[in-house]
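Trainee: Could you take me through one part of this model slowly? I'd like a close look at how the helices pack.

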Amino acid sequence: MSDSLDQIFIHAKQWLLSFMSGRAPDWLVQIISSLINIVALLGVFLTLFALISVLERKILGRMQNRYGPNRVGPFGLFQPVADGIKMLIKEDIVPARADKIVHFLAPVLIAAAAILTLGVIPYGRNMTPFTIDGGILFFFAVGSATELMVFMAGWGSNNKYSMLGAMRAIAQMISYELPLIITVLPVVMIVGSLNPDKIVGAQAAYSLGFIPHWFVFTPWGATAFILFFVSGLVESNRTPFDVPEGESEIVAGHMTEYSGFKYATFFMAEYIGMFAISGLGVTLFLGGWHAPVHFLEFIPSYVWFFVKLSILLFVYIWLRGTLPRTRIDQIMNFAWKFMLPMAFTCVVAAAVWHYTGRGLRGWLWSLAVIAAVYFTLSILLDTRRKFAPRTYRFAE
Amino acid sequence: MSTVAFAVIAILTLAAALAAATLQKLMHAALSFAVMFVGISAFFFLLGAEFVGLVQIFVYIGAVAVLIVFTILLTRDDTGKVRSFNWGGVIVAIAVFAGLVWAIAKTKSLPLTPSQIEPITVQRIGELLMTNYVWPLQCVGVLLTAALIGALILVMEEKS
């Protein structure tokens, strides 16, 4: 019973394809099979986007001691529908001096890249939309293309605020791509594969029936997960690292000249990117679609995946409601002086964990490595002794 | 099916390359160049060289294309201006093409029936890099680290 519930979507797809087999040529069946995956993926994540956009406003409202949207539909749940209609009927303004084609293509391509990254994440048992051997690499390869599209948005608008905003965004994204990718390295090293399914498979076992073998429960995994999460915050331009947009301080960065549905497309790409990076975090460190304890494995795998995903998304919103925005120089310093050395330490600690037997001894040894580097770094980077009146280089 | 895919990708790649060579605005040319890189990586995927295709996107779209557009942006103030037709470029292109044709024509062709090659997985590449090619890998690593440190020193604020 629970097994068929677990595989219900796989069976549904096979049932749909069974009408085709024998009647249509092979390549058509293949294309239809991919199309079903794509439609399902888009349906689920665009619904999730609509849902999270209203939930975020409600949660933020509660954190700021107000109600949040509650006028449209029950509990304000139809708010995204109203927002969508509003965005669609808004005037689409294209600046007269803008490069029309580049200006138009930027939001389209940025959304396409964000959606592509969703394709390689395993959402449940046998539920990876596109299985390729280097899935993790695919994720980052497509993600790294986003920088070019941000540049297109900034340059195509032909506006100096857009251009400066785009350059800030790109500087930030390039700096944090490095720790983001290096924190993934220990997991790839321990599993010995870039295939997301194999990474999830390697976290399947339980000790004593209730301690799951998720990588987040090892010292190197926990450190790497925190670093990964922070880098993910930066990559998806979320508070406290949302300087590219900085809605309350500057004009909207590279999105300054966009209005109406194009702006909404940027907004959607940002949220989809957030889902993708959280989904990858769940896959790499939080055991993917595995249940946290063995006797709960009867609950379908995709339910566990989305439970973990929602917890991570809640933390994203929670941070937005809690932390003030950081300055761009603070972000950069943090990336190069703290994130990068710690990310490399995770690689070393994972190797130590592996060669001291992956047991309790390895656990303690890798903890020692990480603690040593962490405390050394915190002594080296200690700025408390250097407090002095702030000096401005160009504003005097 | 793969013939159709080949034709589609080839047309796209060639069109993008042609656009990169002939478009009047320099920035458009750079962006078409990026599209051409996507086409080339699609070829690698079609040939089953998944890893090379992914690295192609990673390095050329994520780094080289961004580098090119920034170089254009930061070094010239005529990015919006229309560039004129460059006969020197045509001569260089023809010379390179002729050289390549000459070299290909001179090369002894391989046997037409391909020997059975097992698809090279990422894991296999990793194993080879860590065993047979560990010294070249380490040398490249040292070189890149030196380049990184050099770049940081160049942009470091000078203490007055």
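Mentor: Here is a walk through two helix pairs, with a short stop at the chain contact afterwards. This is a predicted model, where local features need pLDDT of at least 70, side-chain atom pairs count only at pLDDT 80 or more, and totals for chains, interfaces and linings use all residues. Residues are numbered from 1 along each chain as its sequence is written, while chains are lettered from A and ligands numbered from 1 in the order in which they are written.

Let's start with helix α9 (residues 219-235) and helix α12 (residues 328-355), both of chain A: their axes come within 9 Å and cross at roughly 150 degrees. Helices here are DSSP runs (H or I, at least four residues), numbered from the N terminus. The axes are lines fitted to C-alpha atoms over the stretch in contact, with angles running from 0 to 180 degrees between N-to-C directions. So α9(A) and α12(A) are roughly antiparallel, a label for angles over 145 degrees, just as under 35 counts as roughly parallel. Their crossing is left-handed, meaning that the near helix is turned anticlockwise from the far one by less than a right angle.

Who touches whom? On the α9(A) side you'll find, among others, W220(A), L227(A) and V234(A), and on the α12(A) side, residues including I331(A), M339(A) and W353(A). Being in contact means that C-beta atoms, placed from the backbone, lie within 7 Å. The residues of this contact split into 14 nonpolar, two polar and no charged. For that count, Ala, Val, Leu, Ile, Met, Phe, Trp, Tyr, Cys and Pro are nonpolar, Asp, Glu, Lys and Arg are charged, and the others, Gly among them, are polar.

Now try helix α5 (residues 100-118) of chain A against helix α10 (residues 260-285) of chain A, which pack at about 20 degrees with axes 9 Å apart. That angle makes α5(A) roughly parallel to α10(A). The crossing of α5(A) and α10(A) is left-handed. Among the residues in touch are V108(A) and I115(A) of α5(A), plus K262(A), F266(A) and G273(A) of α10(A). By class, that's 13 nonpolar, three polar and one charged.

Last stop, the meeting of the chains: 17 residues come from chain B and 20 from chain A. On the chain B side, α2 (26-46), α3 (50-75) and α5 (122-130) each supply at least two residues. α3(B) gives the most, with ten. That side of chain B has 13 nonpolar, three polar and one charged residues.

Key. Angles under 35 degrees count as roughly parallel, over 145 as roughly antiparallel, 65 to 115 as roughly perpendicular and the rest as oblique. Two residues are in contact if their C-beta atoms, placed from the backbone, lie within 7 Å.
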